[in-house]
Amino acid sequence: MKTTLIVLIDFSPYTPTLLRFASAWSENCNTDALLLHQLFNTQSSAHTNQNPMINLQAQKNKTLRNMRELASRSFNNKTTVKFEIITGDLIEYLKNMPGHDSGNPILVGMKGDTAADKPVMGKLTKAIIENLNCLTVIVPVTLKTYLPNTLTVGLSCRYPLNKPAFNNFLTQVSGFIVHIRFISVMAAAKEYKRCHEYLQNLSREYSQKPSAEFEIFAGITAFNQIKGYIAQLPQTMFVVQKGEHLFTDKISQRLLVNDLVYTSCIPLVVIPQ
């Protein structure tokens, strides 16, 4: 089945970056795209003297025109782009949409906290990760490249990689990914042998699709080591697996969102557990 990129747009400053990223992906992997927007009825019928349904339809029509204009500036004519505007709960819609379990990636932008001038993982993104066991790609407003060529996969030996989900993702990005790096943080020296064997075996398994290597970071400076390591890889996507404490632990969120994704200007991919 042909992959469809589900792109959540809200016309915020990160939308153009998100669409350019989706466009590069679709052009190189021959995917379709679905642009999805959640519409909130911002115009009161009491002020417009219109029937609420007529007013809502007018907003939908205007939003659809804007979505089509964005798509025409972002995607080439070879990509099939569809549009969907919903007014209900977005999470429930994603749960029940046709083909929701097909592994199609959901692309969302990373918002910035203008008051604090810091990147944040928005409530919607957290809700998607927490409530949907699906492939999610989080794109910061600034990217070093719209077409990464490597994957940097953060793993823990205690939580084995979901290989079916990872293999599905590899198939979806086969048009532009040429190398995989598996990395892990070793909490204790006694874990080294186990961690080394696990990553080594993974690297061998994926050495032909496309190619792979691994790296282990240890000590109290491990997170800073990873930050420096990622900074030297401008054409990568950072991949993590749903689960562990990655999105419930605030320190892990800061590491992933601030230090790795936003500062390094790379996408974050969350695969199902």
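Two strands pair if DSSP finds at least two bridges between them. Helices (H or I, at least four residues) and strands (E, at least two) are DSSP runs, numbered from the N terminus. The model is predicted: local features need pLDDT of at least 70 and side-chain atom pairs pLDDT 80 or more, while totals for chains, interfaces and linings use all residues. Residues are numbered from 1 along each chain as its sequence is written, and side-chain values use heavy atoms, with hydrogens and water left out.

**View 1. Strand S12 and its two partners.** Ile 138 stands opposite Leu 268 in S12. S7 and S12 are antiparallel and share 3 bridges. S11 and S12 run parallel, joined by 4 bridges, and here Val 240 stands opposite Val 270. From strand S12 (residues 268-271), Leu 268 and Val 270 point one way, Val 269 and Ile 271 the other, and all are buried (under 20% relative accessible area; exposed is over 50%, partly exposed in between; 1.4 Å probe, protein chains only). In a regular strand the side chains alternate between the two faces of the sheet.

**View 2. The open sheet and its edges.** The sheet has 10 strands in the order S3-S2-S1-S4-S7-S12-S11-S8-S9-S10, and its pairing is mixed. Strand S3 (81-86) and strand S10 (212-218) each have a single partner strand, so one side of each has no neighbour in the sheet. On average, neighbouring strands are turned by 25° against each other, direction ignored (axes are lines fitted to C-alpha atoms, for helices over the stretch in contact; angles run from 0 to 180 degrees between N-to-C directions). Strands of a sheet pair through backbone hydrogen bonds, either parallel or antiparallel.

**View 3. Helix H7 and strands S9 and S10.** Helix H7 (residues 192-205) lies across strand S8 (150-155), S9 and S10, and runs at about 160° to S10. S9 and S10 are parallel and are joined by 7 bridges. Ile 183 has Glu 215 in S10 as its bridge partner.

**View 4. Arg 181 in strand S9.** Arg 181 belongs to strand S9 (residues 179-186). Its relative accessible area is 14%, so Arg 181 counts as buried. The side chains of Arg 181 and Thr 150 form a polar contact of 3.1 Å (a pair of N or O atoms within 3.5 Å; within protein, one must be able to donate a hydrogen and the other to accept it, and residues adjacent in sequence count only if both atoms are side-chain atoms). Beyond neighbours within four places in sequence, the contacts of Arg 181 (heavy atoms within 4.5 Å) include Glu 213, Tyr 229 and Leu 233.

**View 5. Helix H1 and Thr 17.** H1 lies across strand S1 (4-8), strand S2 (32-38), strand S4 (106-109), strand S7 (136-139) and strand S11 (236-241), running at about 175° to S1. Thr 17 is located in helix H1 and is buried, at 8% relative accessibility. Its side chain reaches the backbone oxygen of Val 141 at 2.7 Å.

**View 6. The nonpolar cores.** The largest nonpolar core (buried Ala, Val, Leu, Ile, Met, Phe, Trp, Tyr and Cys residues joined through side-chain atoms within 4.5 Å) has 49 residues, and Trp 25, Phe 166 and Phe 182 have the most contacts inside it. Helix H1 (residues 15-29) gives the largest share of this core, 6 residues. Apart from this core lies another, of 32 residues, including Ile 6 and Val 261.
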